[in-house]
Amino acid sequence: MKKVIKFAEACSVIFIATLFMLLAQVAPANAVGKIPLNTTDITIESGQTYTISNKEELLNFAEIARTGASFQGSTVELLSDITWWQPIATHSGQTAGTFLGIFEGNNHTISGLVFDFDSGGEHALFGRCDGAVIRNVTVENFYFRGANCAGICAVAWNGTVIENCHAIDGILANRGYSGGILGMTVNAWGDSNAIIQIENCTSRCEILEGCYHISGGENIGLIVGYAREGVTVENCNNTGEAFGADYKTEL
């Protein structure tokens, strides 16, 4: 009898151990230590990693960022290619948001972005970046119309880093400061000595100055529209075109 009980106990232990092994194999990549953005009802905390796997989670990210969460001290990871959404951290009149975290694109692509705004604001993958890190992401087949536009970030300051990011087959129609990767820098809003870095990026966009409902224009560039304060651009490539600006940068 004792042998039967011990045998049953051993079988139970083996079954439980096997079950845990199987669960570990099928668990999603974001199950351990990472939080999917599958709702907007979430408290963003420094030190956490949040994940985006589909269009709905990307829309949640946009909404959370636009309504006040800066993601400072946290990381957001893109886990798959996504088609269609709306800009993150966009400032347009009554709504505003500034991204201060790390966005890790994991070499994925976001395509089909359209944002047509008729009275100003910053329009890009990220509207405003304050000391943020944006890396390893591609945006393609997009259209932005507004004041300050860019493929990756419209306005950046405080040592923001944009690395290995690509804006492909996009159209930027604006009346302000616009660039294929970065629209403009304003380090006066933060540490004026903090250098904004753009590295290993490519741009293949058409930038159409003066297509905004107010005529006239500012500065545009195919990588950076207007470098008001310190910015370094290294190992970047452009194959796009710019039309109609008052001033075109050399970048």
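**Aromatic pairs and a β-α-β unit**

Counting rings whose centres lie within 6.5 Å, you get 10 aromatic pairs here. Keep in mind that this is a predicted model. Phe61 and Phe71 are one such pair: their ring centres sit 4.9 Å apart with the planes at 90°, so this pair is edge-to-face. Below is a quick tour of the rings, the strands around them and two residues with a positive phi.

**Aromatic rings**

- Phe61 belongs to helix 2 (residues 55-66), while Phe71 lies in the loop between helix 2 and strand 3 (75-78), so the pair links distant parts of the chain, 10 residues apart.
- Both Phe61 and Phe71 are buried.
- Phe103 and Phe126 make another edge-to-face pair, with 5.3 Å from centre to centre and 70° between the planes.
- That pair also links distant parts of the chain: Phe103 is in strand 5 (residues 102-111) and Phe126 is in strand 8 (residues 126-130), 23 residues apart.
- Phe103 has 0% relative accessibility, so it counts as buried.
- Phe126 counts as buried too, because its relative accessibility is 0%.
- Zoom out a bit and ring pairs tie Tyr50, Phe61, Phe71, Phe99, Phe103 and Phe126 into a cluster.

**Strand 2 and its neighbours**

- Tyr50, a member of that cluster, points one way from strand 2 (residues 49-52) along with Ile52, whereas Thr49 and Thr51 point the other way.
- All four of these residues are buried.
- That fits a general pattern: in a regular strand, side chains alternate between the two faces of the sheet.
- On one side, strand 1 (residues 34-36) runs parallel to strand 2, and 3 bridges join them.
- Pro36 has Thr51 of strand 2 as its bridge partner.
- Strand 2 also runs parallel to strand 3, this time with 4 bridges.
- Thr51 turns up again here, with Glu77 in strand 3 as its bridge partner.
- Put strand 2, helix 2 and strand 3 together and you have a right-handed β-α-β unit.

**Two positive phi angles**

- Most residues other than glycine have a negative phi.
- Phe71 isn't a glycine, yet its phi is positive, at about 60°.
- You'll find Phe71 in the loop between helix 2 and strand 3, and at 1% relative accessibility it counts as buried.
- Asp169 isn't a glycine either, and it has a positive phi of about 55°.
- Asp169 is part of strand 13 (residues 161-174), and with a relative accessible area of 39% it is partly exposed.

Definitions and conventions. Residues numbered from 1 in each chain as written. Predicted model: local features only at pLDDT ≥ 70, side-chain atom pairs only at ≥ 80, totals over all residues. Heavy atoms only, no water. Phe/Tyr/Trp six-rings, centres within 6.5 Å; stacked < 30°, edge-to-face > 60°. Helix = DSSP H or I, 4+ residues; strand = E, 2+ residues; numbered from the N terminus. Buried < 20%, exposed > 50% of the residue type's maximum accessible area, 1.4 Å probe, protein only. Pairing = 2+ DSSP bridges. Right-handed = clockwise from strand over helix to strand, strands pointing away.
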